[in-house]
Amino acid sequence: MYRREKEIIVTLISMTLIMVLYSLYVYNKYIAVNPEVINDFRFWGKAFLILIPVTIVTIIIIYIIFFIINKIVTNEDLPQVTDERDRMIELKGIRISHWVFVFGFMLAMASQAFGLKPWVLFVVLFGSGFVSTLAEGIAKICYYRKGY
Amino acid sequence: MGKCFISNNIRKLRFSNDEMTQQELADKTSVTRQTIVAIENGKYFPTLELAFRISRVFKTPLEEVFTFYEE
């Protein structure tokens, strides 16, 4: 398997783990204790803001571990170049990710237009962010396998 | 306008140039080996810049490396 494909798979697994563990943490610590908190905009603001540094730090730690393990197992060094094909695949992946997120954003807005509770908006936004990341990774793997 | 195809002779040229490896060609053109593999297999069409860099490595005109034809 190509090195970049491995990196993408590591990112996908990391993101899934982060999302599941973070959701469980937030649910058990806040929502299970006080269910009314889901209608509090401050709670959602904090939940989203804390998720960003948590994701960044966790991804960095997982990448470092991945590079060390990969070096030990395969004796490969860090990739020296990001060439035109990598950049093109990156752009195509981001484009798909944006489309998926825009669709999720529309769904989130529609939920409010149809009079659903505000927490539905945040859950859909949260979910669409996650699904768009998955879609980007899967699309990139497909492009790498397909050649372009 | 018909369907276009671009074929290449990179594999032949590599062998006629002291059996140059894909990795050596990749290093000389500043791309990854996977990109060279994709080009050789006709799965990826390089930019004009990379096409010229490849032809320069083999010291041959661009048309001898890549062939364009349409149905």
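In chain A, helix H2 (residues 41–74) has 34 residues and reaches 48 Å from its first C-alpha to its last. That is close to the 50 Å expected at 1.5 Å a residue. The model is predicted, and the values given here are computed from it. Along H2(A), the buried residues are Phe43(A), Trp44(A), Ala47(A), Leu51(A), Thr55(A), Ile59(A), Phe66(A) and Asn70(A). These buried residues pack against H1 and H4 of chain A.

Helix H3 of chain A covers residues 84–113. Its 30 residues should span 44 Å at 1.5 Å a residue. The end C-alpha atoms are 43 Å apart, so the length agrees with the expected span. Buried positions in H3(A) include the charged residues Glu84(A), Arg85(A), Asp86(A) and Lys92(A). Ile89(A), Gly93(A), Ser97(A), Gly104(A), Ala108(A) and Ser111(A) are buried as well. The buried residues of H3(A) pack against elements of both chains. In chain A, the partners are helix H1 (3–31) and helix H4 (118–146). In chain B, they are helix H3 (33–40) and helix H4 (48–58).

Helix H4 of chain A contains Phe130(A). The relative accessible area of Phe130(A) is 18%; the residue therefore counts as buried, the cut-off being under 20%. Beyond its neighbours within four places in sequence, Phe130(A) is in contact with Met15(A), Thr16(A) and Met19(A). Met15(A) is 115 residues from Phe130(A) along the chain. Their C-alpha atoms are nevertheless separated by 7.7 Å.

Chain B was examined as a whole. It has 5 helices and 2 strands. Read along the sequence, these elements follow the pattern β-α-α-α-α-α-β. The strands thus open and close the series. The C-alpha trace of chain B spans about 40 × 20 × 20 Å along its principal axes. Chain B has 71 residues and a radius of gyration of 12 Å. A compact globule with that number of residues would have a value near 11 Å, so the two agree.

Burial and contacts in chain B were also computed. Of its 71 residues, 39% count as buried. Among contacts in chain B with a separation of 6 or more, 59% come from residues 24 or more positions apart. The accessible surface of chain B comes to about 4500 Å². Carbon and sulfur atoms hold 53% of that surface. Chain B carries 10 positive and 10 negative charges. The mean positions of the two sets are 4 Å apart.

Methods: Residues are numbered from 1 along each chain as its sequence is written. Chains are lettered from A and ligands numbered from 1 in the order in which they are written. This is a predicted model: local features need pLDDT of at least 70, side-chain atom pairs count only at pLDDT 80 or more; totals for chains, interfaces and linings use all residues. Side-chain values use heavy atoms; hydrogens and water are left out. Helices (H or I, at least four residues) and strands (E, at least two) are DSSP runs, numbered from the N terminus. The radius of gyration is taken over C-alpha atoms; the globule rule is 2.2 Å times the number of residues to the power 0.38. Buried means under 20% relative accessible area, exposed over 50%, partly exposed in between (1.4 Å probe, protein chains only). Contact means heavy atoms within 4.5 Å. Accessible areas come from the Shrake-Rupley method with a 1.4 Å probe; for residues, only the protein chains shown count as cover. The place of a charge is taken as NZ of Lys, CZ of Arg, CG of Asp or CD of Glu. The expected span of a helix is 1.5 Å times one less than its number of residues.
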